[in-house]
Amino acid sequence: MIEPDDFGLDWVQTLSHVSEACRCRLHGAFWQQWHKAIEDHEPRLERLSPDDDPSDPTATHTYAGVGSCRIGTRIEMPEGEVRAVLLLLHGYDDPPKLAESIARTPVGPGVAVIAVRMRGYAGSRAGVGNLAASELGWITTGLERPPEDGRHVSEWCVSHAIADLLLGVRAARHKFGMELPVYVRGESFGGGLAVVAAARSSAMSCSHPEQRIDRIAVGLPTLGDWRWRLERQHPRSLGAGGQVKRFLMASGEAGDEIVRLLDLFDAALHAEHVECPALVKLALRDEIVPAPTQSSVYNALGTPPGLKGRFVTRYGHFDGGLNDLRRHALFEKMSAQFLDPAHEPMDVLERWESVMTSGVRPPEAVA
């Protein structure tokens, strides 16, 4: 078996990796404009209409994202009283249908699940088209137009996707009630979006309490430590990183401006503003989302100690055998408890502490 690249780092160096990236001079002005651009949006979850995107037949509801895009979702109600709402995000390449995403994700009793399809993917193509079919990849859409001095909000699809996610949190509270907690679960691409959205949520929670994110559980988060990643990632790499690398190589002199735009959305730079409880799965080896960049996101989290946990697998986007698959399955079970309003995050982290770095059985079976 040829293992994924370790980028010259041992497991200690990988897990302790921190980003050396710095905020660019446009950061403050840009994000002020960004928040102002979605200030007056009041999205509502509505039943599908004949005009909505039919490409995912399992979608049940939509809401208005930024611009002209309608965001496709599927709502799965629990038995009995709703005690929390979980927004479920998807990965980058070929995500399953919304119904399948929900079926694969264990949740606690009383948790209503809203599976969200990012703009340009099946179910959310109305108004924007199939962005995933782009020759250079979904993530490069709008990347060639960096903002200047914070005078306009970026047209990059990642910027829109983060705004769509926060609007989805608002829509969830409008439907289920302001008092209910809203959690976000995301893997890889969805994990990176969840981290940046949670950071922006904290920044605006005073003026927009309805977009507060109360807990996140993310696996192998991407969108972090772009400069380190792009220096080391092979141009033929799969996934979003490889697509951005190839896009930069074709951009010539415009490449520096594009890298500065990547800095504006770097999950490792935003993570310090995350305040909510956070559970994060990290790999020791991964090439699709380089393992050190995953750790840079976790290590930057502003979540207080005792309310954040690091769950380790040997491999990330790689089939490393049965035991590693069991580790990933174990994380799903832990996530269901962590995102259960009946459990306090600190208690869940304490209960699972013995299996956070090794083992294939839940703590009850180990005891």
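Reader: I'm starting at Arg74. Is Arg74 buried, partly exposed or exposed?
Author: Keep in mind that this is a predicted model. Arg74 has a relative accessible area of 22%. Buried would need a value under 20%, and exposed one over 50%. So Arg74 counts as partly exposed.

Reader: And which side chain does Arg74 meet in a salt bridge?
Author: The N to O distance in this bridge is 3.5 Å, and the rule asks for a nitrogen within 4 Å of a carboxyl oxygen. The partner is itself partly exposed, at 35% relative accessibility. Arg74 meets Glu76.

Reader: How many salt bridges does the count come to?
Author: The bridge of Arg74 with Glu76 is an example of what the rule picks up. Counted by that rule, the salt bridges come to 20.

Reader: Glu187 and Arg185 meet in a salt bridge too, so which of them counts as buried?
Author: The bridge has an N to O distance of 3.2 Å. Glu187 is partly exposed, at 24% relative accessibility. The other partner comes to 4%, and buried means under 20%. The buried one is therefore Arg185.

Reader: Now Arg232: which residue does Arg232 form a salt bridge with?
Author: The closest N and O atoms of this pair are 3.3 Å apart. Arg232 is partly exposed, with a relative accessible area of 37%, while its partner is exposed at 61%. That partner is Glu231.

Reader: Which residues do salt bridges with shared partners join into one network?
Author: Here we leave the pair of Arg232 and Glu231 and turn to bridges that have partners in common. Those bridges form one network, and its members are Glu3, Asp6, Arg285 and Arg314.

Reader: Let's go inside. Which residues touch the most other members of the largest nonpolar core?
Author: As a rule, nonpolar side chains tend to be buried together in soluble globular proteins. In this model the largest nonpolar core has 80 residues. Those touching the most other members are Leu87, Trp138, Ile139, Leu193 and Ile216.

Reader: Which element gives the most to this core?
Author: The element in question is a helix that runs over residues 157-176. It supplies 12 residues to the core. The answer is α4.

Reader: What is Ile139 in contact with, leaving aside neighbours within four places in sequence?
Author: Ile139 is among the core residues that touch the most other members. Its contacts include Tyr92, Trp156, Cys157 and Val158. The rest of the list is Leu223, Trp226, Ala240, Gln243 and Val244.

Reader: How many residues are in the second, separate core?
Author: Among the members of this core are Leu86, Val113, Phe311 and Phe331. The core's total is 23 residues.

Reader: Back to α4: at what angle do α4 and α5 pack?
Author: Two packed helices are described by the angle between their axes and the distance between the axes. For α4 and α5 (residues 189-203), the axes are 9 Å apart, and α4 passes α5 in a right-handed crossing. Residues such as Val158 and Leu165 in α4 meet others including Leu193 and Arg200 in α5. The angle is about 65°.

Reader: How do the residues of the contact of α4 with α5 divide by class?
Author: On the α4 side, the residues include Ala161, Ile162 and Leu166, and on the α5 side Ala194, Val196, Ala197 and Ser201. By class the contact divides into 9 nonpolar, 1 polar and 1 charged.

Reader: How many charged residues are in the contact of α7 with α8?
Author: The axes of α7 (residues 239-251) and α8 (residues 255-264) come within 8 Å and cross at roughly 145°. Val244, Phe247, Leu248 and Ser251 of α7 and Gly255, Ile258, Val259 and Leu262 of α8 make the contact. By class there are 6 nonpolar and 2 polar residues. Charged residues: no charged residues.

Reader: What is phi of Leu223 near?
Author: Most residues other than glycine have a negative phi. Leu223 sits in the loop between β7 (215-219) and α6 (226-232), and it is buried at 2% relative accessible area. Its phi is positive, near 70°.

Reader: What is phi of Asp225?
Author: Asp225 also lies in the loop between β7 and α6. Asp225 is buried, with a relative accessible area of 2%. Although it is not a glycine, its phi is positive, at about 55°.

Reader: Last one: what separates the C-alpha atoms of Cys24 and Asp263?
Author: Cys24 is found in the loop between α1 (11-15) and α2 (27-37), and is buried at 16%. Not counting residues up to four places away in sequence, Cys24 touches Arg260 and Leu264. Cys24 and Asp263 are 239 residues apart along the chain, yet their C-alpha atoms are separated by 6.9 Å.

Note on methods. Residues numbered from 1 in each chain as written. Heavy atoms only, no water. Axes fitted to C-alpha atoms, helices over the stretch in contact; angles between N-to-C directions. Helix = DSSP H or I, 4+ residues; strand = E, 2+ residues; numbered from the N terminus. Left-handed = near helix turned anticlockwise from the far one by under 90°. Contact = heavy atoms within 4.5 Å. Nonpolar A, V, L, I, M, F, W, Y, C, P; charged D, E, K, R; others polar. Buried < 20%, exposed > 50% of the residue type's maximum accessible area, 1.4 Å probe, protein only. Core = buried A, V, L, I, M, F, W, Y, C linked by side-chain atoms within 4.5 Å.
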